[in-house]
Amino acid sequence: MLLIALILVGISMTSVSALANARKIIFDTDPGTDDALALMLAFNSPELDIRAITVVPGNVTAKQGLENALRMTSLANRCEVPVASGAQHPLFQKLITAEFWHGKNGLANVDLPPSKCKADARFGPDLIIELIHASPHEITLVPVGPLTNIALAIQKDPTIIPLVKEVILMGGSVKGGNVNAAAEANIYNDPEAAQIVFQAGWPLTMVGLDVGDKTLFGRKELEEIGKSHGPMSDFTYKIGKFLVDLSGQFGGSGTPMYDPLAVGVAIDATLVSAQAMQVEVETRGEFTRGETVANHRNEVERNVLHHFPAGSGEADRYMIEGLDKVEPNAKVCLDVQADRFLQLFVSRIRGR
Ligand code: BDR
Ligand code: CA
């Protein structure tokens, strides 16, 4: 009897200390099939302590997104995690939803049981502000949707900026977009919000489209997940199957794990290699609105206007007089150990 009690105390002490060492994250999401995979990975990873899930409109409306987040949190039996609704639309433009890619309900048309969890009454950006002040320098923000909620939080209380440990976001690209030639969806869906977040001056890691495209979850990984059964692995299997089938319809051999990779980087930053760059979000370009314009060299030419006297035979012109350094504001992921990441994903979903 005493031995059993000691073992139980030992187990609970171990899980308390694991949680104490875990990275505290706020998961900001527009759920979303790959958001769902990301959330399942987060729920199954002891390295992460999910302090809140905040919902932003993007893949689906704010209302549908909240319902999805609540049902998934309930499925994971994690009603202690606050789930809060946030913005109802992007800062300055109309919402663009993506049921075309994510299914009518955003979750591959998988009908999860109604949620036992209740929505937190707080407004998402307010909850973000509150939690950052409650744990200064400890919270990592993991936004995997448009950056509206995070921008609203900064606008309402800029004092949170130096108190955030890190931002690890899924969004942007340094090699072209998925919405169009230039822009990735999360940035395109709220470019002004994205520019606020990128220029905030906090440690920011960009897990972009181009690196996510290297993490293809295919039939092999799907079969592995199909070997384990439980509410979360069965759900992950259904989402994964929908996405793998969908990629097949477009000639792909697997589905890119965009949002799960951002969670993967929060778990283990050595999965990716990154380079510090200055990134600006284009908000005005005719063809490039929503592009993340990254300066790989972190320098710009200095062009100085020279005036020439009338009659000199020379028109006024700019002349390059050197190079000015620009400060990087983001660690931009450029490569990923895709197999290691996919294995991590599969093993976590299988509870191994
Ligand atoms: C991003 O856009 C959304 O459709 C996905 O959930 C992901 O966050 C990829 O461009
Ligand atoms: Ca997303």
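A residue counts as buried if 20 or more other C-beta atoms lie within 10 Å of its own, and as exposed if 12 or fewer do. The exercises below use a predicted model.

**Exercise 1. Describe the overall build of the protein chain.**

Solution.
- Start with the elements. The secondary structure comes to 13 helices and 13 strands.
- Next, test the compactness. The radius of gyration is 22 Å, close to the 20 Å from the globule rule for 352 residues, so the chain is as compact as a globular protein of that length.
- Then take the box. Along the principal axes, the C-alpha atoms fill roughly 100 × 45 × 35 Å.
- Now apply the burial cut-off. Buried residues make up 47% of the 352 residues.
- Last, look at the contacts with a separation of 6 or more. Residues 24 or more positions apart account for 80% of them.

**Exercise 2. Find which residues have the most contacts inside the largest nonpolar core.**

Solution.
- The core has 97 residues. Val142, Val207, Leu261 and Ala262 have the most contacts inside it.
- Helix α2 (residues 33-43) gives the largest share of this core, eight residues.
- Follow Leu261 outward, leaving aside its neighbours within four places in sequence. Its contacts are Met170, Val207, Val211, Gly212, Thr215, Val336 and Phe341.

**Exercise 3. Decide whether strand β5 is enclosed or open, and find its partner β4.**

Solution.
- Strand β5 covers residues 164-170. Five of its seven residues are buried, so the strand is largely enclosed by the rest of the structure.
- Strand β4 (residues 139-143) pairs with β5 in the parallel sense, over three bridges.
- To place the pair, take Leu141. It stands opposite Val167 in β5.

**Exercise 4. Classify Lys325 as buried or exposed, and list its contacts.**

Solution.
- Locate Lys325 in strand β12 (residues 317-325).
- Count the C-beta atoms. Lys325 has 10 others within 10 Å; the limit for exposed is 12 or fewer, so Lys325 is exposed.
- Set aside neighbours within four places in sequence. Lys325 is then in contact with Asn298 and Glu299.
- Check Arg297 too. It is 28 residues from Lys325 along the chain, with 8.8 Å between their C-alpha atoms.

**Exercise 5. Describe the shell around ligand 1.**

Solution.
- The shell has 15 residues, of which Gly32, Asp34, Ala185, Tyr258 and Asp259 come nearest.
- Sort them by element. Those giving two or more residues are α2, α7 (185-188) and α12 (258-267).
- Sort them by class. The shell has six nonpolar, five polar and four charged residues.

Notes:
Residues numbered from 1 in each chain as written. Chains lettered and ligands numbered in written order. Predicted model: local features only at pLDDT ≥ 70, side-chain atom pairs only at ≥ 80, totals over all residues. Helix = DSSP H or I, 4+ residues; strand = E, 2+ residues; numbered from the N terminus. Contact = placed C-beta atoms within 7 Å. Core = buried A, V, L, I, M, F, W, Y, C linked by C-beta atoms within 7 Å. Near = placed C-beta within 6 Å. Nonpolar A, V, L, I, M, F, W, Y, C, P; charged D, E, K, R; others polar. Rg over C-alpha atoms; globule rule 2.2 N^0.38 Å. Pairing = 2+ DSSP bridges.
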